[in-house]
Amino acid sequence: MEYAYALRSERFMADHEEKDAGRRKAGTGGGGSRRAATGGDDGELDPRIQCEIGRQLRAVYDDVISEPVPDRFLELLHQLEKSAGKKC
Amino acid sequence: MTISDSLRDDLLASIPNLRAFAVSLCGNSERADDLVQETLMKAWAKFDSFEEGTNLRAWLFTILRNEFYSQVRKKGREVEDADGAYAARLASQPAQEGHMNLRDFRIALAQLPDDQREALILVGASGFSYEEAAEICQCAVGTIKSRVSRARARLSEILALEDGESFGADPVSATVLSRSLA
């Protein structure tokens, strides 16, 4: 499931990169056809490496995300709400 | 300042993400939680400047990031876990069965320049678009794009150099990586 998510976000990123590449082309006034996404003549990494990096990145990040929210934050929100209530 | 229930719920739901981003900035979960606490208090105090319906998560991330860098400016590098120290602590932790690759990845991530790591996390892990990440970091979209791409290139370099053959969960990515350096 985590892996599917990583794949999804990679695809999302790839979409963005393509859109940005399109804009860059438009910005420089070039009317020529866009370079193939897998061309990689600007030093872009192989998509499989990007995918692997994305997967590990998400795994590291999700480690923290999956931790339960510490009580201190629930207490903090309680406190903030209470003090807001008093002021009104 | 009172806020609507839905905004409060959204705020609560953002906490895991804020913590993950804070850890990636500080490299230390205790400090990261202090940073999240500051962020929540700041956000609460200025909720009237937040337009409901716009991107709450991006707004909160911006506050957290600003808070982090203003602490760094005030107190110097001690606020940040010095890059080397964090990486060294990670490296000294015993490798858990099956987590070897992830540990190596964390070490490599900690070695990236702050601006590159932050851009990569925002786009690659937090799920922000390049445009949103640029807004959060207050820089141009092109800058974010180049930081992300340099971060990836650097990571693949570090990981392939230090842990060549065993990088990645499958032999294909290991091959791909070692070939990329050839």
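1. Let's start inside chain B, bearing in mind that this is a predicted model. Here 10 residues of domain 1 of chain B are in contact with 10 residues of domain 2 of chain B. For orientation, domain 1 covers 1–81 and domain 2 covers 97–182.

2. What does domain 1 of chain B bring to that contact? Helix 1 (5–26) and helix 3 (56–75) of chain B are the elements giving two or more residues to the side that touches domain 2 of chain B. By class, that side of domain 1 of chain B has four nonpolar residues, five polar and one charged.

3. Have a look at helix 3 of chain B next to helix 7 (residues 130–137) of chain B. Their axes are 8 Å apart, and the two pack at an angle of about 35°. Helix 3 of chain B passes helix 7 of chain B in a right-handed crossing.

4. Which residues make this helix contact? From helix 3 of chain B come B:Ala58, B:Phe61, B:Thr62 and B:Arg65, while helix 7 of chain B supplies B:Glu132, B:Glu135, B:Ile136 and B:Cys137. Sorted by class, the residues of this contact are four nonpolar, one polar and three charged.

5. Now for the contact between the chains: chain A puts in 31 residues and chain B 40 residues. On the side of chain A that touches chain B, helix 1 (2–27), helix 2 (47–65) and helix 3 (71–87) of chain A each supply at least two residues. Helix 2 of chain A gives the most to that side, with 14 residues. The residues of that side of chain A split into 18 nonpolar, six polar and seven charged.

Notes:
Residues numbered from 1 in each chain as written. Chains lettered and ligands numbered in written order. Predicted model: local features only at pLDDT ≥ 70, side-chain atom pairs only at ≥ 80, totals over all residues. Contact = placed C-beta atoms within 7 Å. Helix = DSSP H or I, 4+ residues; strand = E, 2+ residues; numbered from the N terminus. Nonpolar A, V, L, I, M, F, W, Y, C, P; charged D, E, K, R; others polar. Domains from an automatic or database assignment. Axes fitted to C-alpha atoms, helices over the stretch in contact; angles between N-to-C directions. Left-handed = near helix turned anticlockwise from the far one by under 90°.
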